[in-house]
Amino acid sequence: MDAATSSNHSIELTNLTFIRIRSKMNFPNDDIAVSHNKRPIEWPIAVVIFLFQVIPIFIFFIEIPAWCWVVGFLFFVIRLSFVGICYHRYFSHRSFKTSRLFQFFMALGSVLSFQGGVLRWASMHRAHHKFSDTKKDLHSPIIYGFLESHILWVIRKYDFDDSNIKDLTRFPELVWLERLWMLPSLIVATLFFIIGGWPLLLVGFFLSTTILYHMTWSINSIDHIFGTTRFPTKDHSKNNFIFALLTLGEGWHNNHHYYPSSARNGFYWYEIDISFYIICVLKMLGIVWDVKNVPTYVLEKKEFKQIAGDMKSQ
Ligand SMILES: [Zn+2]
Ligand SMILES: [Zn+2]
């Protein structure tokens, strides 16, 4: 059964006390009262993010067995694919369909990246596309500078609005997970400590999560500054080959901003997009279906290539 059509439930996030939603902050507002870089710091989040930047330094002071590095790398890559495929291409853009059970599995995998619940992530990301590189964009390096767009926006107070994620809030299990999003990560961290002590906790959980953070944040910061422009989008999104490799395909960000509903970010055969290859395998296995691709009229628009060339030469 299709996850998008199987539920008749409707849960208003406003019923939940753990999320403060201000209806005044609806996304379609013409202006914002406070610039995003003036919003106050959310200190508990700031402390957590700070600890993730500092704690990995301790890997230089203890001996790390080789198998801990292997576990840390695998945990990093697996979660990186959950960020790209699930948080981003599925929950934020609904670029393919799947069962309700696999949808929940994807949500569980996503929150293991310790970046919050899928509802909040998707809401903020949809807002990014709507207001990209304007004052209302949460993390525009063009408007707010590199540091703000990379890390500071994460630690500021932000009461997200659920009006742009009604398609997701009707699933009670996703709303439930939104409340308990830290729990899966805390369980894994505890298991790592029991199995491998401090070395596995440091490398497998802390270091791999910190690198995962910076990979994710780089798409917001670096990929709106450095790279090439193929399509004439209204924002400064860029295609960045190096970050496309490092993030399993998310670096084809100008492509993505031009046609966000596609499950494919690398539009041409030579644009490596590992997340899309994984989606294709899931499709072959019958786990996902209705995978949205890039229409040929987009790929064949010769004038876009001409415009891209013009923009690069400026
Ligand atoms: Zn962007
Ligand atoms: Zn997107």
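Helices (H or I, at least four residues) and strands (E, at least two) are DSSP runs, numbered from the N terminus. By that reckoning, Val48 is found in helix α1, residues 43-54, and the protein chain as a whole has 14 helices and two strands.

Before going further, a word on what you're looking at. This is a predicted model, where local features need pLDDT of at least 70 and side-chain atom pairs count only at pLDDT 80 or more, while totals for chains, interfaces and linings use all residues. Residues are numbered from 1 along each chain as its sequence is written, and chains are lettered from A and ligands numbered from 1 in the order in which they are written.

So how far can you trust it? The pLDDT (the predictor's confidence in each residue, from 0 to 100) averages 88 over the protein chain, with 85% of the residues scoring at least 70. Two stretches stay under 50: residues 5-30 and residues 306-314. Where pLDDT is low, the predicted coordinates should not be read in detail.

Back to Val48. This residue is partly exposed, as it has 14 other C-beta atoms within 10 Å. (Buried takes 20 or more such atoms, exposed 12 or fewer, and partly exposed is in between, with C-beta atoms placed from the backbone.) Val48 sits 9.2 Å from Ile155, C-alpha to C-alpha, although 107 residues separate the two in sequence. Over the protein chain, buried residues make up 39% of the 314 residues.

Now for a pair of helices. α2 (residues 66-92) and α4 (residues 118-130) pack at about 65 degrees, with axes 9 Å apart; axes are lines fitted to C-alpha atoms, for helices over the stretch in contact, and angles run from 0 to 180 degrees between N-to-C directions. That makes α2 roughly perpendicular to α4, a label for angles of 65 to 115 degrees. Tyr87, His88, Phe91 and Ser92 of α2 make the contact with Val118, Trp121, Ala122, His125 and Arg126 of α4, where contact means C-beta atoms, placed from the backbone, within 7 Å.

Finally, take a look at two loops. Arg94 is found in the one between α2 and β1 (97-98), and has a positive phi of about 50 degrees although it is not a glycine. Leu248, in the loop between α10 (241-246) and α11 (253-258), also isn't a glycine and has a positive phi, near 60 degrees. Their surroundings are worth checking too: Arg94 is partly exposed, with 17 other C-beta atoms within 10 Å, while Leu248 is buried, with 22.

Note on methods:
Parallel < 35°, antiparallel > 145°, perpendicular 65-115°, else oblique.
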